[in-house]
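Open the model in your viewer and keep the sequence panel beside it. This tour gives selections in order, with a note on what each one shows.

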Amino acid sequence: MTETRTTCPYCGVGCGVLATVIDGAVSVRGDDAHPANFGRLCVKGSALGETTGLEGRLLQPSVDGHDVSWEQALDAAGERLQAIIAEHGPQAVAFYASGQLLTEDYYAANKLMKGFIGAANIDTNSRLCMSSAVTGYKRAWGADVVPCSYEDVERSDLVVLVGSNAAWAHPVLYQRLVQAKQQNPQMKVVVIDPRRTATCDIADRHLAIAPGTDAGLFVGLLNAIVKRGGCVDDFADAPAAREAAQSWGVERVAAFCGLPPEEVSAFYQDFIAAPKAITLYTMGINQSSSGSDKCNAIINVHLASGKFGREGCGPFSLTGQPNAMGGREVGGLATMLAAHMNFEPADLARVARFWGTERLAQTPGLMAVDLFAAIGRGEVKAVWIMGTNPAVSLPDSHAVSQVLKRCPLVIVSEIAAQTETSQYAHIRFPALGWGEKNGTVTNSERRISRQRAFLPAPGEARADWWIIARVAERLGFGAAFAWQHPHEVFSEHAALSGFENNGQRAFDISGLAELSREAWDELAPVRWPVSRRNVTLDLHRGWRSDGRLRMVPVTPRGMQAQTQPLYPLILNSGRIRDQWHTMTRTGSVPRLMQHIAQPIVEVSPPDAAHFALLPGGLARISSPHGVMVAKVVVTESQRRGSLFTPMHWNDCFARQGKVNGLVASVVDPHSGQPESKQTAVRIAPWQPLWQGELYSRSEVPLPGHLHWWRKAAPGLHHVTLCGDRLVQHEMLAWCQQQGWQVQLANAGEIWHLLAWLDGRLMLGFWSGDALPEVDDALVCRAFNEAPQTLAARHALLSGQDLARPAVGKIVCSCFSVGEKTILEAIEKQGCRTSGELGERLKCGTNCGSCIPELKALLASTAMKVTIL
Ligand SMILES: Nc1nc2c(c(=O)[nH]1)N[C@H]1C(S)=C(S)[C@@H](COP(=O)(O)OP(=O)(O)OC[C@H]3O[C@@H](n4cnc5c(=O)[nH]c(N)nc54)[C@H](O)[C@@H]3O)O[C@H]1N2
Ligand SMILES: Nc1nc2c(c(=O)[nH]1)N[C@H]1C(S)=C(S)[C@@H](COP(=O)(O)OP(=O)(O)OC[C@H]3O[C@@H](n4cnc5c(=O)[nH]c(N)nc54)[C@H](O)[C@@H]3O)O[C@H]1N2
Ligand code: SF4
Ligand SMILES: [Mo]
């Protein structure tokens, strides 16, 4: 049995994973030796083995909808790109890449686009994610340097999480923080988020800030620091930054941020008093029309208070994707050149020399939102999308789909056969996925780790860098893309980072440029810089020509989304614990669908009452751009006036479940990052005539007016349905047409229907005026092994396993422990803590990410007892 050391392909924590293949089945465990996780994995990481199957994979290249050979697909791409460049010039071509590509893939894409096609129109989904953070760092340090490490988080006195739900989005780092706090009871944790999230579980203070107002809070903090005599004038622009903050006293901040003044002062007090403080920030900060300024407002308070450049301190932007950082390092954004170089004369000349090209793009290219707008205007005529799903993840996604439909040439490199974006592709390239591809990624703390292959390449799938290099060849640039192995790509990238770099560029991994292939294969996780010249990163030194760190003056601005009588609420969007982005990798894993199985919308109790929304009922949410349907969750954790919905669902998994259909494409003027977290909407209850659960062996044709949500079931199709018109008679007729034997119980909207063929269950359908409770495990079992007795078949028709009590909504996905079981253990077996629940039921004992929910259940029962 060989274990392969590799890295998790989900979040930017970048955990080390040990993968084993036995009889084709992949099992994984955390790598004890990896400094990001020391053996831990979260639920998504633990379920990696369940995502490596080939069902739903894209395995063959295709052109205009027909499967073709690689030669044909590459020739078609080369010829069509060539024709567009010849007629309209290089600016008519664009690449849209992803923080989920490996560094080698990313380097190849950037080199081809900027260096040889000769336009800088290569942007990435990191524009929707990290670009405000990049702008913030570059403005402050002069370089895109994330100054902190995970150890700094553990060794701080005050950990501020702002716009970050790390408990769900960076679970292993969060668990490290939980443990550090247990070991150091002096440590304080502050969470700043309009919602009370699972991350607040360990918070000493939660500031439920009004959406989009964080700059006010941090500018006010700068003012408070200055008043106490902090703030060294050594920083460039410090006087202007101080002046901009001057009028932001506590009262003004409190009014601007919708917070009680006492809470604001108490937070300021905590920050100023703490010997060491670290601020972790993510999408609640970056995804804003003034996200860059918010990042600088955060950096400013660390500079002014001296809480930077030393252990346990600093402004720490957590990266989202596994290789968002690698993308920044190679220059994968349209606004950067390569290896931390910019569109400046000396850098342009240097990169052109290194690549040996005369075609290097001389000016920055189009940023994501602009790029798709330019396709819409017909200026960009060819787009190559790799490793991202923009028809789902870009704002105003219905417009993005229209644009893709009209674009003369869409090329998509994908691992999934069906995505919302790839339906518009003229040419599809099948890429290698996790476990098959081989290269490097960089995590949030600048640590480069290896992703290694432990599975054979399936079908015709090829590595992304290989596909790019072969297209480069077709375009006549073969000599510059003649690599035979990803190791050669990495070496070139590492060499460029050190090329004519005498310490002017922080990103320097020249020390890795000469690694042999064996040494690269064995490369242990390492934080950059790894310079040939033996330099270390001195965070007190800026990388701009004057060598000074800068405090950017910030004038707080609110969000651009404006509520109005027709759209009185602000819709926030983000992650849920067990899904990854557009669900192409997690949406078909039953274990990961147990926690939250359909789009939900979280509403505060007063808003629920005002808009007549019932818990568990459905609601329609709409903006001027689109509409979505979600299940209502009424919760005290939501701020009045705000709603929250997951970003994950899309047309492949639901009808009208896609939040970006509603979001306007408003962006930050400096970073180009969209304001994805704030959209003015309205909400109204929707009570369909009937709702039902449908399970079948193969897809059942459904009329277009039905609402549906696809669920994950092993080897089966499972959809939840609802509608205002009955379709049950049509479904019955359809089953009979198939020659199936039908077993039926019905009255009004209540239909329970089983269809059999030669003793095998073919289809099961349970509907009612509300969603009937159907025992998922019972039904899945019946498809595998048909119940033998008539009595058992009748029991199945009821949809409930009478012999086994229902477990309720799954809370712990690792061990499939349900809410009802947990409540029983609390109420009947006297469990009083999450630890006791873990001992009895195992829940919360693996990845720990359900512990906040266990505690909430404990608290809810405690409340019942006091009321009694
Ligand atoms: N389970 C899971 N984990 C993931 C991912 C995933 O898809 N699934 N994706 C990864 C990626 S790419 C990323 S970028 C990260 C994102 O990680 P996070 O940024 O932590 O996740 P989000 O849920 O997008 O948003 C974080 C929080 O910002 C809050 N917020 C919204 N508006 C505001 C505001 O105005 N101010 C403040 N202070 N907070 C606000 C939201 O309520 C939300 O709780 O997660 C990574 N990890
Ligand atoms: N409203 C709203 N919108 C958001 C956000 C939000 O919080 N709210 N968050 C934003 C953020 S932070 C992010 S990062 C984006 C994420 O949005 P996307 O990048 O669009 O989401 P993914 O589902 O990760 O898309 C990755 C695609 O690449 C494919 N893929 C996986 N591995 C490989 C590979 O090795 N090679 C190739 N070629 N393809 C591969 C997957 O099947 C999938 O289709 O969404 C952004 N959009
Ligand atoms: S915390 Fe992130 S990197 Fe670690 S196992 Fe979970 S998803 Fe993977
Ligand atoms: Mo992201």
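Select strand 3, residues 25-30 (strands are DSSP E runs of at least two residues, helices H or I runs of at least four, numbered from the N terminus). Its covered face holds V26, V28 and G30. A25, S27 and R29 make up the uncovered face.

This is a predicted model: local features need pLDDT of at least 70, side-chain atom pairs need 80 or more, and totals for chains, interfaces and linings use all residues. Residues count from 1 along each chain as written, chains are lettered from A and ligands numbered from 1 in written order, and side-chain values use heavy atoms, without hydrogens or water.

Add strand 2, residues 16-22. It pairs with strand 3 in the antiparallel sense, over six bridges; pairing takes at least two DSSP bridges. Find I22: A25 of strand 3 stands opposite. The two strands form a hairpin with two residues between them. Click D23 in that turn for a positive phi of about 50 degrees.

Now move to ligand 2. How many residues surround ligand 2? The shell has 32, counting residues with a heavy atom within 4 Å. N125, S393, E414, K437 and T582 are the closest. Strand 14 (409-414) and strand 19 (569-574) each supply at least two shell residues.

Next, show the polar contacts to ligand oxygens (N or O pairs within 3.5 Å):

- N389: a backbone N or O atom at 2.8 Å.
- H581: a polar side-chain atom at 2.9 Å.
- W580: a side-chain N or O atom at 3.4 Å.

Notes. A polar contact is a pair of N or O atoms within 3.5 Å; within protein, one must be able to donate a hydrogen and the other to accept it, and residues adjacent in sequence count only if both atoms are side-chain atoms. Buried means under 20% relative accessible area, exposed over 50%, partly exposed in between (1.4 Å probe, protein chains only).
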